[in-house]
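Please open the model in your viewer and keep the sequence panel visible beside it. The tour proceeds by selections, each followed by an account of what is found there.

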Amino acid sequence: MSDLVAQYIKDILEQQDGEAEIKRNELATTLGCVPSQINYVITSRFTPEQGYIVESRRGGGGYIRITRINTTRGGAIMHIVNSIGNALDKATAEIMLDNMLTRGIIDRRTARLMAAALGERAYLSVPQQYRDAIRATVFKNMLLTLLDT
């Protein structure tokens, strides 16, 4: 069901030039799921790391507005760099790489090389408590080198 919800929202974004305004309860009724499932999909698949801005307003006329970030390649890379923070786990790095590949920011070969540098095997000799911090620094540095290409 999560894939259906995500695809439905992506279709709305495509039809409405990168911005969707939805009412959670109405969308849940339309798709035949519970409102909490809508929340789950939005919080897991429409994050800043994946190229989206989500705003919500609660109350009687409440809505959720999802905006796809459309920037230049350099702008998209800088957005990702700024969203990484001081630590980055492997799963989040993989999501970011997949999103960059899907959006055409990097090619498949670059994605594979970056995935190898960010994967757990690359950090086996590093104590567990430092891996996510080192991964974040490595990823930021790789992204910044892409600005020169």
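The stops below cover two helix contacts, several single residues and a set of salt bridges in what is a predicted model.

**Stop 1: helix 1 and helix 3**

Begin by selecting helix 1, residues 2-15, together with helix 3, residues 35-45. How do the two axes cross? They come within 10 Å of each other and cross at roughly 70°. Helix 1 is therefore roughly perpendicular to helix 3, since angles of 65 to 115 degrees fall in that class. The crossing of helix 1 and helix 3 is right-handed.

Now display the side chains at this contact. Helix 1 contributes Ser2, Asp3, Val5, Ala6 and Ile9, while helix 3 contributes Gln37, Ile38, Tyr40, Val41, Ile42 and Arg45. Sorted by class, the contact of helix 1 with helix 3 comprises seven nonpolar, two polar and two charged residues.

**Stop 2: isoleucine 12**

Remain on helix 1 and select isoleucine 12, which lies in that helix. Is isoleucine 12 buried or exposed? Its relative accessible area is 14%, so isoleucine 12 counts as buried, the cut-off being under 20%. Setting aside residues up to four places away in sequence, isoleucine 12 touches Glu19, Ala20 and Ile22. A distance label between the C-alpha atoms of isoleucine 12 and isoleucine 22 should read 9.3 Å, for residues 10 apart along the chain.

**Stop 3: asparagine 39 and threonine 47**

Return to helix 3 and select asparagine 39, which is placed there. Asparagine 39 is partly exposed, at 30% relative accessibility. What does asparagine 39 touch, not counting residues up to four places away in sequence? The residues are Arg24 and Ile64. Although asparagine 39 and isoleucine 64 are 25 residues apart along the chain, their C-alpha atoms are separated by 9.6 Å.

Next, move to threonine 47, in the loop between helix 3 and strand 2 (52-57). Threonine 47 has a relative accessibility of 13% and counts as buried. Its contacts, leaving aside neighbours within four places in sequence, are with Ile42 and Tyr52.

**Stop 4: arginine 65 and glutamate 19**

The tour now turns to the salt bridges, of which the structure holds eight. Side chains of opposite charge can pair when their charged atoms come close.

Select arginine 65 and glutamate 19, whose side chains meet in a salt bridge with an N to O distance of 3.6 Å. Which parts of the chain does this pair link? Arginine 65 belongs to strand 3 (residues 63-68) and glutamate 19 to strand 1 (residues 19-22), so-called distant parts of the chain, 46 residues apart. Glutamate 19 is partly exposed, with a relative accessible area of 35%. Glutamate 19 is also one of the residues touched by isoleucine 12 at the second stop.

**Stop 5: helix 5 and helix 6**

Select helix 5, residues 90-102, and then add helix 6, residues 108-118. The axes of helix 5 and helix 6 come within 10 Å and cross at roughly 170°. The two helices are therefore roughly antiparallel to each other, as angles over 145 degrees are classed that way.

Displaying side chains shows Lys90, Ala93, Leu97 and Leu101 of helix 5 meeting Arg108, Ala111, Met114, Ala115 and Leu118 of helix 6. By class, this contact of helix 5 with helix 6 has seven nonpolar, no polar and two charged residues.

Keep lysine 90 selected and add glutamate 94: their side chains form a salt bridge at 2.7 Å, N to O. Both residues lie in helix 5, four residues apart, about one turn of the helix. Glutamate 94 is partly exposed at 41% relative accessibility, and lysine 90 is partly exposed at 31%.

**Stop 6: helix 7 and a network**

Finally, select aspartate 132 and arginine 135, both in helix 7 (residues 128-146). They form a salt bridge whose closest N and O atoms are 2.7 Å apart. The two positions are three residues apart, about one turn of the helix. Where aspartate 132 is partly exposed, at 30% relative accessibility, arginine 135 is buried, with a relative accessible area of 0%.

To finish, select Glu19, Glu21, Glu55 and Arg65, which salt bridges with shared partners join into one network.

Key
Residues numbered from 1 in each chain as written. Predicted model: local features only at pLDDT ≥ 70, side-chain atom pairs only at ≥ 80, totals over all residues. Heavy atoms only, no water. Salt bridge = Lys/Arg side-chain N within 4 Å of Asp/Glu carboxyl O. Buried < 20%, exposed > 50% of the residue type's maximum accessible area, 1.4 Å probe, protein only. Axes fitted to C-alpha atoms, helices over the stretch in contact; angles between N-to-C directions. Parallel < 35°, antiparallel > 145°, perpendicular 65-115°, else oblique. Left-handed = near helix turned anticlockwise from the far one by under 90°. Contact = heavy atoms within 4.5 Å. Nonpolar A, V, L, I, M, F, W, Y, C, P; charged D, E, K, R; others polar.
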